[in-house]
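I am opening a notebook page on a structure that is new to me. My plan is to look up its overall layout, then its sheets, and then a few single residues.

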Amino acid sequence: MRAAIAELRRSGHRISAPRRQVLEALYAASAPVSADEIAGGLDGRFSSSDPASVYRTLELLERTGLARHVHLGHGPGRYAPASVGERDYFVCERCEQVRAADPRALEPVREAIARAFGWRVRFNHFPIAGLCPRCAEEADGAGYGS
Ligand SMILES: [Zn+2]
Ligand SMILES: [Zn+2]
């Protein structure tokens, strides 16, 4: 987070208290969080703040390469600090469980798709959707996907 603040300063941006709080919340969250969740104070861990200003700060962080967003399900985009590294995501369509994965582990999948369809795909902006292991087990015999 210190590096992120330094980077913002270096690119000529002021570190106002609200901006600092967005950064703190982003780094404190264990999973990608939405602008509204940050504005709501992450369940009491931070004081609540103006959603529009949180959103503008997240956009600024993304423009400066300090944060990324991912769409997990039908809700709004969710943000994570860029410093956690590239992440691909799975999301369960039944229980909405999210799992992050190292993109290198999905490289064979990307290569297979590129060979078969010519598409170069990534799963860090829109995740792979389907059933998590538990829901898949429950759905066995229910004909999901057939
Ligand atoms: Zn599930
Ligand atoms: Zn997006």
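The entries below follow the order in which I looked things up.

**Entry 1: the whole chain**

I note at the start that this is a predicted model, and I keep that in mind for every entry. I looked up the overall extent and found that the C-alpha atoms of the protein chain fill a box of roughly 55 × 35 × 20 Å along the principal axes. I then counted the secondary structure elements, and the protein chain has 6 helices and 6 strands. Read from the N terminus on, these elements come in the order α-α-β-α-α-β-β-β-β-α-β-α. Of the 146 residues in the protein chain, buried residues make up 19%. I also looked at contacts between residues at least 6 apart in sequence, and 46% of these join residues at least 24 apart.

**Entry 2: the two domains**

How is the protein chain divided? I found domain 1 at residues 2–82 and domain 2 at residues 88–139, and the C-alpha centres of the two domains lie 25 Å apart. For the contact between them, I noted 6 residues from domain 1 and 8 residues from domain 2. On the side of domain 1 that touches domain 2, the residues divide into 3 nonpolar, 2 polar and 1 charged.

**Entry 3: the sheet with E1, E2 and E3**

I turned next to an open sheet of 3 strands, whose order is E1-E3-E2 and whose pairing is antiparallel. Its edge strands are E1 (33–34) and E2 (67–70), each of which pairs on one side only. Between E2 and E3 (residues 78–81) I found 4 bridges, and these two strands run antiparallel. Following one of the pairings residue by residue, I saw that His69 has Tyr79 in E3 as its bridge partner. I also looked for a helix against these strands, and helix H4 (residues 51–63) lies across E2 and E3, running at about 110° to E2.

**Entry 4: the sheet with E4, E5 and E6**

In what order do the strands of the open sheet with mixed pairing stand? I read the order of its 3 strands as E5-E4-E6, with E5 (98–101) and E6 (128–130) as the edge strands, each pairing on one side only. The twist from one strand to the next averages 20°.

I then took the two pairings of E4 in turn. E4 (residues 88–92) is joined to E5 by 4 bridges, and the two run antiparallel; within this pairing, Phe90 has Arg99 in E5 as its bridge partner. E4 is joined to E6 by 3 bridges, and here the strands run parallel; Cys92 stands opposite Gly130 in E6.

Is E4 enclosed or open? I found that 4 of the 5 residues of E4 are buried, so this strand is largely enclosed by the rest of the structure.

**Entry 5: helix H5**

After E4 I looked up helix H5 (residues 107–117), which is hardly covered, since the count of buried residues among its 11 residues is 0. H5 is followed by Gly118, whose phi is positive, near 80°.

**Entry 6: two residues with positive phi**

I wrote down the background first: most residues other than glycine have a negative phi. With that in mind I looked up two loop residues.

Asp43 is not a glycine, yet its phi is positive, near 55°. I placed Asp43 in the loop between helix H3 (35–39) and H4. Is Asp43 buried or exposed? It has 7 other C-beta atoms within 10 Å, and a residue with 12 or fewer counts as exposed, so Asp43 is exposed.

Glu96 is likewise a residue other than glycine with a positive phi, near 65°. I found Glu96 in the loop between E4 and E5, two strands that form a hairpin with 5 residues between them. Glu96 has 13 C-beta neighbours inside 10 Å, so I entered this residue as partly exposed.

**Entry 7: looking back**

Going over the page again, I set two elements side by side: E4, with 4 of its 5 residues buried, and H5, with a count of 0 buried residues among its 11. I close by noting once more that what I looked up here belongs to a predicted model.

How values were computed:
Residues numbered from 1 in each chain as written. Chains lettered and ligands numbered in written order. Predicted model: local features only at pLDDT ≥ 70, side-chain atom pairs only at ≥ 80, totals over all residues. Domains from an automatic or database assignment. Contact = placed C-beta atoms within 7 Å. Nonpolar A, V, L, I, M, F, W, Y, C, P; charged D, E, K, R; others polar. Pairing = 2+ DSSP bridges. Axes fitted to C-alpha atoms, helices over the stretch in contact; angles between N-to-C directions. Buried ≥ 20, exposed ≤ 12 C-beta atoms within 10 Å, placed from the backbone.
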